[in-house]
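The report below follows a few residues and one helix through a single model. Please keep the sequence and the coordinates at hand while reading.

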Amino acid sequence: VMFDQLPKTEIADYLSGLLIGEELKSAKTELSLGRQTNIQVIGGNNLTSRYALALDELEISYQVAPNDIVARGQFKIAKIAGLVK
């Protein structure tokens, strides 16, 4: 894998790093243009820690949303839709 330079067990981490890096490279461009002022990192602990590490390295300020933010949002939508009380 990867010309015998990377063990198979590290492929997912490597690809995740590439994607996060490219996404944050674009975000940094947007930030320099004044288009975004508040970065919210939403996801599981494993993913948010990767984003936090990269954002710290790029000196981009951010906030990590609570772990249950998605569940709370889904509950609110279900409540508004009358699916739960």
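Is Glu59 buried or exposed? In this predicted model, Glu59 counts as exposed, because its relative accessibility of 73% lies over the 50% that marks the exposed class. Glu59 is placed in the loop between helix H2 (45-57) and strand E2 (62-64), and although Glu59 is not a glycine, its phi is positive, at about 55°. Between the C-alpha atoms of Glu59 and Asp13, which are 46 residues apart along the chain, the separation is 22 Å.

**Helix H2**

Helix H2, which comes before that loop, has 13 residues and reaches 18 Å from its first C-alpha to its last, close to the 18 Å expected at 1.5 Å a residue. The buried residues in H2 are Thr48, Tyr51, Ala52 and Leu55. Seen down the axis of H2, these buried residues fall within an arc of 105°, so they line one face of the helix. The face of H2 turned away from that buried side carries Asn46, Leu53 and Glu57, which are exposed.

**Helix H1 and a contact with Arg50**

Helix H1 spans residues 11-32 and holds Tyr14, and Ser16 also has its place in H1. Tyr14 is partly exposed, with a relative accessible area of 37%, whereas Ser16 is buried, because its relative accessible area of 15% falls under the 20% cut-off for that class. The side chain of Ser16 is joined to the side chain of Arg50 by a polar contact of 2.9 Å. On the surface, Tyr14 forms a nonpolar patch with Leu15 and Leu18, and together these residues have about 270 Å² of accessible area.

The table gathers the relative accessible areas quoted above for individual residues.

| Residue | Relative accessible area | Class |
|---|---|---|
| Tyr14 | 37% | partly exposed |
| Ser16 | 15% | buried |
| Glu59 | 73% | exposed |

Taken together, helix H1 contains the buried Ser16 and the partly exposed Tyr14, while the exposed Glu59 is in the loop between H2 and E2.

Methods: Residues are numbered from 1 along each chain as its sequence is written. This is a predicted model: local features need pLDDT of at least 70, side-chain atom pairs count only at pLDDT 80 or more; totals for chains, interfaces and linings use all residues. Side-chain values use heavy atoms; hydrogens and water are left out. Patches are made of residues with over 30% relative accessible area and no salt bridge: like charges are joined within 9 Å, nonpolar side chains (Val, Leu, Ile, Met, Phe, Trp, Tyr) within 5 Å. Accessible areas come from the Shrake-Rupley method with a 1.4 Å probe; for residues, only the protein chains shown count as cover. A salt bridge is a side-chain nitrogen of Lys or Arg within 4 Å of a carboxyl oxygen of Asp or Glu. Helices (H or I, at least four residues) and strands (E, at least two) are DSSP runs, numbered from the N terminus. Buried means under 20% relative accessible area, exposed over 50%, partly exposed in between (1.4 Å probe, protein chains only). A polar contact is a pair of N or O atoms within 3.5 Å; within protein, one must be able to donate a hydrogen and the other to accept it, and residues adjacent in sequence count only if both atoms are side-chain atoms. The expected span of a helix is 1.5 Å times one less than its number of residues. The arc is that of the directions from the helix axis to the C-beta atoms.
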